[in-house]
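Student: I have a model open in front of me, and I would like to learn how to read it step by step. Could we go through it together?

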Amino acid sequence: MAKAPRSEEQEPLTPKQLAELKTILTQRKRKIVEAEEQLLEADREEGALRHADEVDLASAEWDVTVEHRMRGRDVALLKKISKALALIEEGAYGECENCGNYIGYKRLLARPEASLCIECKEEQERVEKSFMKEQPIDNPFSFE
Ligand SMILES: [Zn+2]
């Protein structure tokens, strides 16, 4: 179903804008990765102290424990950022994955990991809201 796109969103990104967004994405990715590494480092030290004489057991269970402790929100964002960076490499960045219209520079500047244009995003939010009303659950990914 073709939608009438908002006129200001029908401009493809210029090479300069693309480079700018790539820099923002790369910086955000690094920041999250660094924050996670610090968190994991703190966990390791804490664990090393607590399990000083249960080292074998601790290391065996460690990977699973750490993964569960990673903040779901950052992990979800990191996935989106990695996907956006991959799309830049493919030359397909900036297009809505739902309708194929340009997402638009302004929106990407505010949310460079966005994979939907504003109209499709609003549509998705409407669907999510009606779903949440029917089944009120604690959704950790409702931050967008
Ligand atoms: Zn769209």
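Tutor: We shall take confidence, secondary structure, the nonpolar core and a few single residues in turn.

Student: How should I treat the numbering and the origin of this model?

Tutor: Residues are numbered from 1 along each chain as its sequence is written. The model is predicted, and for that reason local features need a pLDDT of at least 70 and side-chain atom pairs count only at pLDDT 80 or more, while totals for chains, interfaces and linings use all residues.

Student: What average pLDDT does the chain have?

Tutor: The pLDDT is the predictor's confidence in each residue, on a scale from 0 to 100. Here the chain averages 81, and 69% of the residues score at least 70. Confidence is lowest in helix H2 (residues 55-69), with a mean of 55, and highest in helix H4 (residues 105-110), at 94.

Student: How many helices and strands does the chain have?

Tutor: Both are DSSP runs numbered from the N terminus, helices being H or I over at least four residues and strands E over at least two. This chain has five helices and zero strands, and from the N terminus on its elements run α-α-α-α-α.

Student: What span should H3 have, given its 19 residues?

Tutor: The expected span of a helix is 1.5 Å times one less than its number of residues. For H3 that comes to 27 Å, and the end C-alpha atoms are 27 Å apart, which agrees. After H3 comes Gly-91, whose phi is positive, near 80 degrees.

Student: Which residues form the largest nonpolar core?

Tutor: In soluble globular proteins, nonpolar side chains tend to be buried together. A residue is buried if 20 or more other C-beta atoms, placed from the backbone, lie within 10 Å of its own, exposed if 12 or fewer do, and partly exposed in between. A nonpolar core is a set of buried Ala, Val, Leu, Ile, Met, Phe, Trp, Tyr and Cys residues joined through C-beta atoms within 7 Å. The largest one here has ten residues, namely Leu-21, Leu-25, Ile-81, Ala-84, Tyr-93, Cys-96, Ile-103, Leu-108, Ala-114 and Cys-117. Helix H1 (15-50) and helix H3 (72-90) are the elements that give two or more residues to this core.

Student: Why does this core lie between domain 1 and domain 2?

Tutor: Domain bounds come from an automatic or database domain assignment. Domain 1 (14-93) and domain 2 (95-136) both give residues to the core, so it lies between them.

Student: Is Ile-24 in helix H1 buried or partly exposed?

Tutor: Ile-24 counts as partly exposed, because it has 15 C-beta neighbours inside 10 Å. Ile-24 and Ile-81 are 57 residues apart in sequence, and their C-alpha atoms are 9.9 Å apart in space.
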